[in-house]
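Visitor: Please give me a close look at a single part of this model. I would like to follow the aromatic rings, and then what lies around them.

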Amino acid sequence: MASKVAIVTGSNKGIGFGIVRGLCKRFQGNVYLTSRNEQRGKTAVRKLKEESLHPNYHKLDVTKKESLEVFRDYIQKQYGGIDVLINNAAIAFRKDSTMPAIVQAERTLFVNYFSLLSTCEILFPLLRKGARVINVSSNLGHLSQIPSSTLRNKLKDKNLTVEELSDLMTQYVDATRQGAQLLKWGKSSYAVSKVGVVALTRIQQRMLHDRDIKVNAVHPGYVATDMTAHAGPLTIDEGAQPALYLALDAPDSVRGEYVWSDNTVVDWEASEMPKHVKQNPVE
Ligand code: NAP
């Protein structure tokens, strides 16, 4: 039997690193810690080796098609397939960032939504039957973060296509360029990108259903990482826990869902997000 493979993007630090650590402890197969910067990645691998864990390493910048293709070809040649893919890599501008809104919107949507999408487009052909994909979103990825009911209706439409969703994400960037985004889209590029990730998850589940692949989105909780200036109350291992649950423990019936930090399936379309979580300080 081919040996199993689990891949975590952006895993040289933070929650992704915690996910790799958890997978190394429990996943029966090869676990890939990946990073855009080779030195940071290798330092992270060394750290885990000191804990007697044995991750594999490959460089992967999710914003670069060539990097994704080199990685895909490597995995194809070495193993012939992927069993677990965790799309964790993302960025966030801080609330007090002085970067112009359009720069924040372009950059955030490019990394968090469009690059996650190209990662999937390039790696999905390698997913084995029964594979699991976890797209790391956020509490700010809850649909209620979008003020316009017209947009919410489009985003939750059961027939929404990837092309239509990407077009909506581009419309957000265009609206920001014109300074006209606040009323319909709200004030956070990060939230729009993470809402996009959940909407994408639901579409991907429909597309991959026939191959018995499970695609879910997750809110990891409010975690002490560089992204939150270490303000969150959860450790990276705690933040890794819901993604690990989806990768290793969730019943096969959990498909196309938005899963909260306590492993519960949350109604993404509800008018409010679950109350028990403090807002992230990002944006
Ligand atoms: P983090 O500590 O800032 O880590 C982000 C990781 O993504 C880093 O390894 C970073 O690499 C990597 N990354 C960024 N751009 C990349 C690229 N182009 N290619 C490959 N890797 C890239 O953030 P975190 O808090 O662990 O966040 C992990 C995930 O959880 C993100 O999707 C985030 O949105 C989500 N999330 C976090 C929280 C929280 O409270 N922390 C809450 C909700 C959701 P570098 O080291 O090279 O920058």
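Guide: Start with how open a residue is: buried means under 20% relative accessible area, exposed means over 50%, and partly exposed falls in between (1.4 Å probe, protein chains only). The model is predicted, so local features need pLDDT of at least 70, side-chain atom pairs need 80 or more, and totals for chains, interfaces and linings use all residues. Residues are numbered from 1 along each chain as its sequence is written, and side-chain values use heavy atoms, without hydrogens or water.

Now the rings. The whole structure contains six aromatic pairs (ring centres of Phe, Tyr or Trp, the last by its six-membered ring, within 6.5 Å; planes under 30 degrees apart are stacked, over 60 edge-to-face, the rest tilted). Take Tyr-32 and Phe-71. Their rings sit 6.3 Å apart, centre to centre, with 65 degrees between the planes, which makes the pair edge-to-face. Tyr-32 is in strand S2 (residues 30–35) and Phe-71 is in helix H3 (residues 65–78), so this pair ties together parts that are 39 residues apart in sequence. (Helices, H or I of at least four residues, and strands, E of at least two, are DSSP runs numbered from the N terminus.)

How open are these two? Tyr-32 has a relative accessible area of 0%, so Tyr-32 is buried. Phe-71 is also at 0%, so Phe-71 counts as buried too.

Tyr-32 has a second ring partner, Tyr-74. That pair is edge-to-face as well, with 6.1 Å between centres and 75 degrees between planes. Tyr-74 lies in helix H3 and Tyr-32 in strand S2, so here the pair joins parts 42 residues apart in sequence. Tyr-74 is partly exposed, because its relative accessibility is 26%. Step back and the pairs join up. Tyr-32, Phe-71, Tyr-74 and Tyr-79 are linked by ring pairs into a cluster.

Stay with Tyr-32 and look at its contacts. Ser-11 is one of the residues that touch Tyr-32 (contact means heavy atoms within 4.5 Å). Beyond four places in sequence, Ser-11 also meets Gly-16, Phe-17, Val-20, Leu-33 and Thr-34. Ser-11 itself is found in the loop between strand S1 (5–8) and helix H1 (14–26). With a relative accessible area of 0%, Ser-11 is buried, so a loop position need not be an open one.

Ile-75 reaches Tyr-32 too. Leaving out neighbours within four places in sequence, the other contacts of Ile-75 are Val-5, Ile-7, Gly-80, Gly-81, Ile-82 and Leu-126. Ile-75 leads us to the largest nonpolar core, which has 55 residues (buried Ala, Val, Leu, Ile, Met, Phe, Trp, Tyr and Cys joined through side-chain atoms within 4.5 Å). The members touching the most other members are Ile-75, Leu-127, Leu-155, Leu-165 and Trp-185. Helix H8 (residues 189–208) gives the most to this core, 10 residues. Another core lies apart from that one. This other core holds 32 residues, among them Val-20, Val-136, Leu-244 and Tyr-245.

Leu-165 has a ring for a neighbour: Tyr-113 touches Leu-165. Tyr-113 sits in helix H4 (residues 101–123). Tyr-113 is buried, because its relative accessible area is 0%. Past four places in sequence, Tyr-113 also touches Thr-108, Val-162, Ser-166, Met-169, Ser-193, Gly-196, Val-197 and Leu-200. Ala-90 is 23 residues from Tyr-113 in sequence, yet the two C-alpha atoms are 8.7 Å apart in space.

For contrast, finish with two loop residues. Ser-52 lies in the loop between helix H2 (38–50) and strand S3 (56–59). Ser-52 is exposed, because its relative accessible area is 56%. Its phi is near 65 degrees, a positive value in a residue other than glycine. His-230 has a positive phi as well, near 60 degrees, and is likewise not a glycine. The loop of His-230 runs between strand S6 (214–218) and helix H9 (236–249). At 49% relative accessible area, His-230 is partly exposed.
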